[in-house]
Each structure stands twice: as C-alpha cells, then as structure tokens.
Amino acid sequence: MPDQPKAPYRVCVVYQMDPRGLKVGGIETHVRTLLERHPPDVECMLVGVDAIGDLALGERYQIEVGARRVTFLPVLRYSDDMARLAARRLLQSLSLQFALGVLRHIWAIRRLIGDGPVSLELQRNEVAFLPALLRRPCVLIVHNEYKRDNKTDSLVSRYWRLYRAGEAFAARIAGRIICVNAAIKEQIARDFPQHAAKAELMTVSVNTDIFKPSPFDTSDGILRLVYAGRLEAQKDPGLMFRTVRRTADLLGGRVELHYIGTSDPAAYPEFAAIESLTVLHGFQRPDGVARILARCHAAVLTSNFEGLPVFLLETLASGRPMGAIRLPQFDAVIAPGVGGFLVERRASIEDTADAHARAFVDLWQAINHGRYVPEAIAQLARPYSVDAQLPRLFDIHRALQDARWRSRPAAPTAVPAPGE
C-alpha cells in the first residue's frame, strides 16, 4: 500500500490530559474534539500525560481518538484518580508537574515536531515557555477569567503573582490568543493592551451531530435536572445541592438530579439532603451524555465563574433549557423564555437557592404547558457548533505556519464570533 501524502500543516496540542482516560471538563472536550475532527490537510499531535500507566514517557505512540489516529507523546504519569483531587501544595499541582515533564522531555518534543511547518496550541499559561524555547508559533486558548478573589480549588489565588507573570509571558509569546468569552477578551485588552490585537473571541464548540433535540417526556411527573462536569469550589456544588433540595420541597419531592462526572458529591455536606434524589452516572462519553440529556428536562449551573461551559452548549443543542446563576457571558447564549433562565446571586446562599428553585418550578410548568420547544432551544447552539467554529481555529494555525514557512500573512482576518 503506498504511503499517504504528508499533511502540509501540523498542529501539536500541549495539555495535561490523556485522551484515553476519564478526565472530563470543557478543555478536555475541546482537545478531544480538535483531535477527532481535524481536517485532512492537518496532522495532529498531543503532548500530554499517561493516565493509565502503560506507556513509556518521552516516547511517541499512535492512538485512536474517536475514529482518528493521532500521535501521542506523554511526558508525565498522572492517573485520573490523582487528577480528581485538588492540589493543596504547589509541588502537588498537576500544572507544575506537567510543566516539569515538558521540560524533562523537551528534546523528545523537539524531535516530534521536527523542522517543517508546525504550530503549538496551548490550553494553559504554564507551558508557554515551550514555544519560546523551541521557537515555534503558538495559539494560546484562554478558557477561564481568573481573578484573585475567585472561589476556586486551584492554587491560583495563593500564587497570584506567579500566575500573573505566566499570564503576561504567555500573552507575549502567543501568535494568536483565543478567548472563550467576551469578558476574557476585554481582560486581555485591559491588562495587556500591547497584545490586544492578537486576541479574538471564539467559544468552545459543541458537536451537533451527537447533541440533537428530542421531545420532552413528562409522563411520570418527575422533573429531572442534570449537571455534567467536575464538582469543585468554582462550581459552587453546595448551592447546586441546596437548589435541588428546595426545588424538591416545592414539587413534593418529585425531582431527580442526574450527575455526570467522576467527582464525589458526598464530599459536600449539602449532598446528604438530596442523596436519595440523585442518580450518579460517572464518566460518560459524549454519546452517553447526549442520551442522559435526552432523558432529562433541564440542566443546572451554579458556578461562581466560568469561561463558557461546553456543557451549557451541549444542553441547548439537545433541546433542553438551562437554569443558571447568571454570569455575563451567559446573556448572549441563554435567551430567557426560549433557552431557559438566569437568576442573580443573592446576598445569602439560602435566598439564592430559593430563587433558583422557584425559577425551576416555573420552568417545569412551562415545559408541561408546551412553552419550551426543543428545536427552538437547539437553534441557540447552532452558531457554536463544531462545523461552524473549528474551521476558524485551523485557519489560524494555517496562517501562523504560512507566515513562518511560506511568507504569507500572519493571521486570517478575524471573523466575528457569535455575540460580537
């Protein structure tokens, strides 16, 4: 069989995950989607971690991600169980250990990317030294709007000056900066005005081939709420569980919470009050998440801060409304009365949970009266589909490589993202 022609473009994603593993989250979904859906003229590689413990570090492997084969080079052994625990000390940090693994195996990475056209894609600031040392163009994806007072399990607030220095360095070396919501783009312009021209808005993407609208089933009279992702401080699980308990009180106990993820909800004392109402689904591939969403009626989000959760887009694409504590970036996505509702955070957690629960009761009544239409909800997610957004991202990579190796313009003309 003749050799396949070599792809003229190559993209090396650098992120602390194993696509074979069970780690879930918006960044993981983005990376898996990029590896699964890269175009024919692009070869994709991943520098990541070995979560299973069966690979030699610093060696390259061909693995399957979805139906595609990609080159995988692990630089750290770090299990999914270890990744679920928030680091309490800097040396326990996955980000730091991954950065050290990248340094340790930098010559293996250098051999992996070679001398020809290639660009790196970074999902975090901590490894921004890599494209600088290797002198290769890179795209920086900024997924979160970190502030010093954000409630989070990460070590960012304790090592704020170190984080800010890394953020500034990453902004300087990036060829393009992709911001997943408008607030992040505004923050880049405010904090690093000299690099503002490199920043553009592009949210995470949803696979609308998997997440599709379907009719509501309300026959048994039980409101089924759903949440997918990690349970950590920034998600405010305590508020989520209080909301579910209060909603159950208002609806005579006829409520279920379906949790998709690998965190332990029992780590939060508020969970005890709704344990009997909760269905734990554990880790699910995208098709499993889609099946659970189709069975449920609405999703719940209580985060203190976010980028733009891919779970929100998956919910809407599935024709299910979202009931969320308001964050500014949600305004452009959740059309009230069409795609769900947003509730302002109150002065106390009890008042916030009560307002959130009462909004879910109103939503449940509206669903039962046919005022929420799955197809109309799904239309809200169409501008954020993989087919609409991934081509833009790969165009950016192509342009950076053309500018370096083929003397073409450095970046494509920015296409306005949804909501701009």
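Here is a chat between a bench colleague and a modeller about a predicted model.

Colleague: Let's start wide. How many helices and strands does the protein have, and what share of its residues count as buried?

Modeller: There are 13 helices and 14 strands. Of the 420 residues, 57% count as buried. Residues 24 or more positions apart account for 71% of the contacts with a separation of 6 or more.

Colleague: Why is serine 385 called buried?

Modeller: Buried means under 20% relative accessible area. Serine 385 has 8% relative accessibility, so it counts as buried. This serine is found in the loop between helix H12 (374–379) and helix H13 (386–405). Not counting residues up to four places away in sequence, serine 385 touches Ser205, Val206 and Thr208.

Colleague: And what makes glutamate 59 partly exposed?

Modeller: Partly exposed is the range between buried, under 20%, and exposed, over 50%. Glutamate 59 has a relative accessible area of 44%, so it is partly exposed. Its place is the loop between strand E2 (42–50) and strand E3 (61–65).

Colleague: Which residues is glutamate 59 in contact with, leaving aside its neighbours within four places in sequence?

Modeller: Those are Phe72, Leu73 and Pro74. Glutamate 59 and leucine 73 are 14 residues apart in sequence, and their C-alpha atoms are 5.7 Å apart in space.

Colleague: Now the positive phi values. What is the phi of arginine 135, and why is this residue called exposed?

Modeller: Phi of arginine 135 is near 55 degrees, a positive value in a residue other than glycine. Exposed means over 50% relative accessible area. Arginine 135 has 63%, so it is exposed. You will find arginine 135 in the loop between helix H5 (129–134) and E6.

Colleague: Is aspartate 236 buried or exposed, and how do you know?

Modeller: The cut-off for buried is under 20%. Aspartate 236 is at 15% relative accessibility, so it counts as buried. Phi of aspartate 236 is near 55 degrees, again a positive value in a residue other than glycine. The loop holding aspartate 236 runs between E9 and H8.

Colleague: That brings us to H8. How do you know what span to expect for this helix?

Modeller: The expected span is 1.5 Å times one less than the number of residues. Helix H8 (residues 237–250) has 14 residues, and 20 Å is expected. From its first C-alpha to its last, H8 reaches 20 Å, close to that expectation. Just after H8, glycine 252 takes a positive phi of about 65 degrees.

Colleague: Which residues of H8 are buried, and what covers them?

Modeller: The buried ones are Pro237, Gly238, Leu239, Met240, Phe241, Thr243, Val244, Thr247 and Ala248. Their cover includes strand E9 (223–228), strand E10 (255–260), strand E12 (298–301), strand E13 (322–325) and helix H11 (349–368).

Colleague: What makes H8 oblique to H11?

Modeller: H8 and H11 pack at an angle of about 50 degrees, with their axes 8 Å apart. Roughly parallel needs an angle under 35 degrees, and roughly perpendicular needs 65 to 115. The angle fits neither range, nor the one over 145, so H8 is oblique to H11. H8 passes H11 in a right-handed crossing. Residues making the contact include Leu239 and Thr243 of H8 and Ala353 and Phe360 of H11.

Colleague: What is the strand order of the six-stranded open sheet, and which strands are at its edges?

Modeller: The order is E11-E10-E9-E12-E13-E14, with parallel pairing. Strand E11 (278–282) and strand E14 (340–343) are the edge strands, each pairing on one side only. From one strand to the next, the twist averages 20 degrees. H8 lies across E9, E10, E12 and E13, at about 155 degrees to E10.

Colleague: How do you know that E9 and E10 pair?

Modeller: Pairing takes at least two bridges. E9 and E10 have six, in the parallel sense. In E10, histidine 258 is the bridge partner of valine 226.

Colleague: Why are E3 and E8 said to stand at the edges of the eight-stranded sheet?

Modeller: That open sheet has mixed pairing and the order E3-E4-E2-E1-E5-E6-E7-E8. E3 and strand E8 (199–201) each have a single partner strand, so one side of each is left without a neighbour in the sheet.

Terms used. Residues are numbered from 1 along each chain as its sequence is written. This is a predicted model: local features need pLDDT of at least 70, side-chain atom pairs count only at pLDDT 80 or more; totals for chains, interfaces and linings use all residues. Side-chain values use heavy atoms; hydrogens and water are left out. Helices (H or I, at least four residues) and strands (E, at least two) are DSSP runs, numbered from the N terminus. Buried means under 20% relative accessible area, exposed over 50%, partly exposed in between (1.4 Å probe, protein chains only). Contact means heavy atoms within 4.5 Å. Axes are lines fitted to C-alpha atoms, for helices over the stretch in contact, and angles run from 0 to 180 degrees between N-to-C directions. A crossing is left-handed if the near helix is turned anticlockwise from the far one by less than a right angle, and right-handed if clockwise.
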